[in-house]
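Please open the structure in your viewer and keep the selection panel at hand, as this tour goes from the whole chain to individual sheets and then to single residues.

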Amino acid sequence: MQAESNVVDVAALRIREATIAVAVPMTFGVSALGLLYVGMTWDRPHRLELAVLFVISAVSVIGVYRMRQAIVRSRWREALFLSWTLSDFVMLVTGTLADGGTRSPLVLVFFMPVVFSATSYPLASVVAVGAGSIITFLSVALIAGGASAAYQVSFTFALLCTAAMSAWQAQNHKRQNRALATASRTDSLTGCLNRRGFQERARAEIAAMARSGLGGAIVVLDIDKFKPVNDVFGHAAGDELLCWVAQTLQSSVRPTDAIGRLGGDEFAVLLAEIGADEARDRATRIGEALAERAPASLGVALYPADGTDLETLTRRADTRLYGTRRVRYSRERELSSTPATYEPDAAAEQPSTFGPIDLWRAAVEAMPSHNGREEHGTDGASATLLDEIDASVIATDMSGTVISWNSGAEALYGWSREEAIGGSVRDLVVPEDSAAAERLLVELSRDGRWDGEIDVRRKDGSAFTAYVRNRLVLDASGNPSALVGVAVDISARVAAETELLQSRNYAQAVTECMGEGLFTLDVDGRITFINRAAEKLLGAAEGELRGYDAGAAVLGRRADGTCQRFAESPIARALSHGVTVRVEEDSFALAGGGELPVAYTATPFDTAEGIQGCVVIFQDASERKRREEENRRNAEVLAVMHRVEEALVNDRFVLHAQPIVDLRSGRTVRHELLLRMIEPDGTVILPGEFLPACEQNAMIGEIDWWVIKQAARLAAAGSPVQANISARSVCDPDVLDHIERCVERYEVPRGDLIFEITETAIVDDEQASRHFVERLHAIGCGVALDDFGTGYGSLTYLKQMPVDHLKLDIEFVRDVVENEASRHVIQAVIALARDFHLETVGEGVEDAATLELLRELGVDFAQGFHLAHPAPFAERPGDLQPPVIVARAGTAPAAPASEPAPAGQRASAAEAERAATRRTRTTLTLR
């Protein structure tokens with residue numbers, strides 16, 4: 001048998017339940033075949049015993065099917081299943097012995113328990129069932145014999161193979177379940193627990209800490225500014241950062257602590273069995289470790305100081321996280337409120353352009369001759385002129401041998417004149433790209449000239465970019481005689497241009513990859529640039545907005561619908577005062593109509609060229625506003641929950657009553673009790689102000705427990721009570737246990753305590769509701785169905801749900817006189833109730849005409865302000881009033897007899913005490 005687990009394997013329980021459900025038709029089929037076999041062989045002995053055996057088998061499986069839920073959820077379910085299998089073996093042995101031993105065709109049924117065990121039993125149970133099947137068959141063979149020895153050996157071998165395959169299937173099924181459980185509870189990216197896995201682990205640890213009395217803590221953290229990482233560097237970088245965060249958390253906590261990724265960039269750490277001071281120190285170390293690459297906002301909630309359940313602890317930790325983040329972001333905004341100025345880099349300025357035409361003329365005039373190679377043939381004036389030129393001038397013959405090398409070439413390439421003249425230009429001026437040098441020579445030979453940029457190396461191996469003008473020199477006959485090249489170092493200019501280009505590309509990449517919208521305006525408020533994110537947020541392309549006035553195109557409209565003037569906007573104020581303006585809450589106009597909630601920063605700029613304008617960076621504030629609204633609602637819910645907790649502790653809940661009148665006799669037969677909460681100053685709080693919050697945060701269960709206890713006391717004191725139970729309590733087995741304890745403790749008479757459930761609660765979980773109703777009837781309590789007619793489920797549950805009363809929803813009663821559709825609905829419900837032998841109650845009766853019409857339609861009981869307003873339970877309005885006169889056909893309706901009297905005219909305390917002894921049926925409603 002498998003060890004008990006703190007977490008119920010719902011899938012395994014469903015498989016067990018399905019196995020039982022499948023066993024029913026299979027058993028019926030085998031029983032039918034068995035009875036047919038008995039009938040066909042009736043002349044053989046023991047036929048009557050075999051028939052009885054098959055009938056018992058069919059009847060027993062029906063009993064197992066009816067108890068299937070209790071069996072599969074019992075802690076002894078493995079033993080019960082094995083006992084069921086053992087009983088099958090007993091019947092098989094009995095049947096085969098009665099039918100002649102192993103030669104009986106009934107031995108084929110020995111395979112069924114083995115096959116069925118493989119579908120839902122654990123491995124140990126499958127092995128036990130398989131071994132039991134083989135041993136049982138061998139026992140039958142030894143006791144009764146029957147078939148030949150070869151048949152018996154073959155049959156035993158077949159049973160052994162079936163048992164082995166079933167065991168393999170059970171083991172494979174177990175591995176698959178474990179793999180699926182691991183995958184469903186583990187985050188595939190980081191390897192830590194996912195939300196579901198973390199919640200299951202945390203609840204188990206909190207339960208363990210509650211048993212041991214030790215403390216613990218929940219640490220919730222969000223990575224700060226994680227979205228820009230995805231937007232700028234891509235999702236791969238974001239995934240890598242999340243993995244690093246998970247690894248860092250793993251190294252910063254104890255091996256026994258649990259780490260979970262709750263979603264996106266949100267993580268949680270459970271520190272079990274740890275003191276408050278140590279938990280805070282551990283959280284501090286986690287923050288310091290993450291600060292290296294991923295600064296995060298942390299919130300810590302201590303167990304049990306901040307709460308005793310996971311939801312409360314997580315909510316407290318989230319509240320502290322957001323509070324810490326708001327404080328830090330406020331500080332950052334204060335520090336960054338002074339706008340930064342940009343000074344252009346002087347190194348980026350382009351050098352003055354070089355005039356190569358003049359240099360080319362001087363180089364040609366300085367050539368020693370135009371008719372061939374001369375070793376050192378240069379006159380003094382030409383040589384001096386070339387040396388004065390601040391550029392490299394090189395002349396070669398047609399074979400590439402250097403014939404002239406000026407001082408500019410010495411300075412540029414590092415080779416002296418003595419080293420260069422007579423040498424090969426290919427060895428002195430080495431291009432970085434040999435293919436480019438070959439194209440240079442081809443174009444020069446073809447066109448007689450080549451101008452352009454080329455990367456070359458100096459004598460010391462350093463590379464630079466040179467601007468070169470090469471010319472082919474012809475002799476008097478027009479034949480090529482020499483090559484002249486003039487070059488200047490343009491590395492500084494190329495570097496400046498490259499830097500400018502890179503800066504422009506970088507700025508463009510940054511603005512285009514920004515998650516925030518960005519647009520620029522000139523001093524007149526016209527849009528000059530808009531990035532891709534702004535196009536997406538505003539729903540318009542750059543071409544549709546560029547050049548348009550921002551006041552009409554972007555800045556939205558006034559309250560009267562007219563376009564906002566740019567001069568009225570905070571952006572214009574930023575331009576006029578020369579300061580950065582931050583606006584936390586505003587709206588921009590969308591191209592397709594509507595508005596976009598935004599927060600934006602407007603920063604003016606002024607370039608060295610005199611260009612002025614303003615840069616506006618904005619964010620979609622819809623999510624932030626939604627979170628703020630959610631935080632506000634959560635704060636209100638927390639305040640309400642605190643007031644309810646204090647009311648429960650200080651016993652400040654009271655019950656008011658409203659009578660329910662029998663439309664046949666006109667007398668008050670029962671009351672509906674309305675829950676009220678009393679504030680410390682005496683103010684009465686209606687349930688609509690606190691019950692919705694209690695239902696959302698699971699506190700409705702505590703109120704239900706209080707109501708059940710009070711209702712039981714009232715019923716035991718002589719006032720039969722009908723109490724409303726929330727849908728959450730209907731599905732809670734502990735509530736049923738509490739009801740049973742209260743009934744036994746206060747000795748509530750049978751039928752004096754009736755519970756009321758809503759139709760929607762049945763539709764949500766019909767199985768749990770049916771179990772709830774059946775158990776209530778078992779302990780002597782009745783059931784009423786409230787708000788009938790508003791559910792969206794099928795009406796088929798009425799024939800399976802043994803309720804006693806149907807209460808018509810107030811939406812149909814309120815306008816039944818004027819609305820024919822409501823009247824038809826009530827008539828249909830009354831007919832349905834009569835078919836099921838149920839009584840009907842109409843609530844919300846506010847005038848005599850409605851009261852009379854309900855009586856004519858056949859409604860049994862009625863309640864509402866026309867009959868009496870709610871009053872404290874001790875006064876029980878309606879008990880001291882005469883019977884209500886319900887008008888008959890052809891008479892005018894009478895005024896309500898139970899109209900509430902002023903406080904000074906109410907019955908005396910003695911009369912109220914006597915009235916309290918009457919046996920009136922009471923309905924308790926949590927509204």
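Of the 927 residues of the protein, what percentage count as buried? The figure is 43%, and, as with every value in this tour, it is computed on a model that is predicted. With the whole protein still selected, switch to a cartoon, in which 34 helices and 26 strands can be followed. A surface view would show about 47500 Å² exposed, with carbon and sulfur atoms supplying 56% of that area. Among contacts in the protein with a separation of 6 or more, 61% join residues that are 24 or more positions apart.

Next, select β1 to β4, which make up an open sheet of four strands with antiparallel pairing, in the order β2-β3-β1-β4. Because β2 (258-263) and β4 (296-303) each have a single partner strand, they stand at the edges, and one side of each is left without a neighbour in the sheet. From one strand to the next, the twist averages 20°. Within this sheet, look at β1 (residues 216-223) and β3 (residues 266-272), whose antiparallel pairing extends over seven bridges, and label L221, which stands opposite F267 in β3.

Keep this sheet on display and add helix α10 (residues 235-252), which packs on the sheet, touches β1, β2 and β3, and makes an angle of about 10° with the direction of β3. Then add helix α8 (residues 195-212), which lies across β1, β2, β3 and β4 and runs at about 20° to β3.

Now move to β5 to β10, where six strands form an open sheet with antiparallel pairing, ordered β6-β5-β10-β9-β8-β7. Here β6 (402-405) and β7 (430-431) are the edge strands, each pairing on one side only. Helix α18 (residues 434-447) packs on this sheet, where it touches β7, β8 (449-457), β9 (463-474) and β10 (480-489), and its direction makes about 160° with that of β8. Returning to the β6 edge, select β5 (residues 392-397), which pairs with β6 in the antiparallel sense over three bridges, and find T396 opposite V402 in β6.

For the last stop, select β19 (residues 721-724) together with β20 (residues 753-758), which pair in the parallel sense over four bridges. N724 has E756 of β20 as its bridge partner. Which way do the side chains of β19 point, and are they buried or exposed? V721 and A723 point one way, Q722 and N724 point the other way, and all are buried. In a regular strand, side chains alternate between the two faces of the sheet.

Terms used: Residues are numbered from 1 along each chain as its sequence is written. This is a predicted model: local features need pLDDT of at least 70, side-chain atom pairs count only at pLDDT 80 or more; totals for chains, interfaces and linings use all residues. Side-chain values use heavy atoms; hydrogens and water are left out. Helices (H or I, at least four residues) and strands (E, at least two) are DSSP runs, numbered from the N terminus. Buried means under 20% relative accessible area, exposed over 50%, partly exposed in between (1.4 Å probe, protein chains only). Contact means heavy atoms within 4.5 Å. Accessible areas come from the Shrake-Rupley method with a 1.4 Å probe; for residues, only the protein chains shown count as cover. Two strands pair if DSSP finds at least two bridges between them. Axes are lines fitted to C-alpha atoms, for helices over the stretch in contact, and angles run from 0 to 180 degrees between N-to-C directions.
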